[in-house]
Amino acid sequence: MLRLETVTDPARWNALVASLPITSALQSWGWGEVKKLSGWVPERVALYEGDALVAAAQLFRRQFVGPLAMLYASRGPALRRVEDLPRVAEALRSRAGGAAYLKLEPETGQDALAEPPSFPALSLSETIQPEYTIWLDLRQGREGLLEGMDSMHKRNTKLAEKRVVTTVEGEEAFEEFWALFEETNRRAKLLQHSKEYYQTVLRAMNQPGGQAFICVARLEGRALAAGLFVAFAGKVDYLYGGSSRENSNAKAPNGMHWGAITWGLEHGCHTYDLWGVPRQSEGSHAAGIDKFKEGFGGRRVRFPAYDLALSPLYGVVTKALRLRKNWMNYRARGTTRDVL
């Protein structure tokens, strides 16, 4: 039996989450504060076997119609090892509180082409966060990272070093980021949260053991590319970004990423997460994004999701949510296909 303990101190919670080898910034205290804006209610639960920490699960509860609800661990739970997932899920059943199901998507970072581990009590399911991404190993150092890029990306990154000025900043750069982010989303027909949501990400993810920053690439003082990044437990995550089509020869997006990568190197981080690529590029709305991110080299990884059904209504609820997502996709882009 695992012992469950609710944790209410931000610094202690982040220390527990960061201490586990399978972990994510989306299990940190700050992310729980961010998701309150979207109607999710966080609960932080540490799971022990004796005195040994086995897992830490930041559970988000989302209420649907009437008593219907779900529990969700965004890129979580943080785990000692993936083999512990079934009994961690079973232990979390005690926190169900009438939820129809529990969705888990631990940041395992398995090879994208490998079959995900299966567990009899858990059903493989679709993720809420992007299921696939590309990880760069920052332990290679600057030269190793450059050598890992394809030839065009290496050339463009070196050009960007000469042509744009890239800086790492905080809230003072938010308006420049926001203008480019909105412009890019309109161009690509992508959905987005409110402006307040991203401002909250920037503030809340500056937390015990974690940082958030904006990296901006400028040409003659004009911002051409900007991204919002978070760092936690040795990883730098590129969560949101945008760029202008002006002065494309300046290679500002390469400069922006290289600036954030350099920050990670300087702060002793081990992984740079390019955050979100499609399962298959062919025919995807995000094919261009995928090609750009692949140019940095690195390793394509996967984070499979698992559901634990807690109610006979599980199938009805998940089908309704899928239909809702199809409708939102169609309204935004004229297709029911997901971007990632």
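Visitor: Which residues in α4 meet which residues in α8?

Guide: This is a predicted model. On the α4 side, the residues are Gly 141, Arg 142, Leu 145 and Leu 146. On the α8 side, they are Trp 258, Ile 261 and Leu 265.

Visitor: How many nonpolar, polar and charged residues does the contact of α4 with α8 have?

Guide: Sort them by class. Five are nonpolar, one is polar and one is charged.

Visitor: At what angle do the axes of α4 and α8 cross?

Guide: Roughly 145°. Angles here run from 0 to 180 degrees between N-to-C directions. Helix α4 covers residues 141-148, and helix α8 covers residues 252-266. Their axes come within 11 Å.

Visitor: Is the crossing of α4 and α8 right-handed or left-handed?

Guide: Right-handed.

Visitor: Now helix α5. What should its 13 residues span?

Guide: Count 1.5 Å a residue, with one less than the number of residues. For α5, residues 151-163, that gives 18 Å. The C-alpha atoms at the ends of α5 are 18 Å apart, so expectation and model agree.

Visitor: Which residues of α5 are buried?

Guide: His 153, Asn 156, Thr 157, Leu 159 and Ala 160. They lie on the same side of α5, because their arc around the axis is only 165°.

Visitor: Which exposed residues does the face turned away from that buried side carry?

Guide: Ser 151 and Lys 162.

Visitor: What covers the buried residues of α5?

Guide: The cover includes α4, α8 and α9, the last being residues 287-294. So we meet α4 and α8 again.

Visitor: Take one residue of α5, His 153. Why does His 153 count as buried?

Guide: Buried means under 20% relative accessible area. His 153 has 7% relative accessibility, so it counts as buried.

Visitor: Which residues is His 153 in contact with, leaving aside neighbours within four places in sequence?

Guide: Asn 254, Phe 292, Gly 295 and Phe 296.

Visitor: And a strand residue? Where does Thr 167 lie?

Guide: In strand β10, residues 165-169.

Visitor: Is Thr 167 buried, exposed or partly exposed?

Guide: Two cut-offs matter: under 20% is buried, over 50% is exposed. Thr 167 has 26% relative accessibility, so it counts as partly exposed.

Visitor: Which residues does Thr 167 touch, not counting those up to four places away in sequence?

Guide: Ile 214, Cys 215, Val 216 and Arg 218. Take Cys 215. Along the chain, Thr 167 and Cys 215 are 48 residues apart. Their C-alpha atoms are separated by 5.7 Å.

Technical notes:
Residues numbered from 1 in each chain as written. Predicted model: local features only at pLDDT ≥ 70, side-chain atom pairs only at ≥ 80, totals over all residues. Heavy atoms only, no water. Helix = DSSP H or I, 4+ residues; strand = E, 2+ residues; numbered from the N terminus. Left-handed = near helix turned anticlockwise from the far one by under 90°. Contact = heavy atoms within 4.5 Å. Nonpolar A, V, L, I, M, F, W, Y, C, P; charged D, E, K, R; others polar. Buried < 20%, exposed > 50% of the residue type's maximum accessible area, 1.4 Å probe, protein only. Arc of directions from axis to C-beta.
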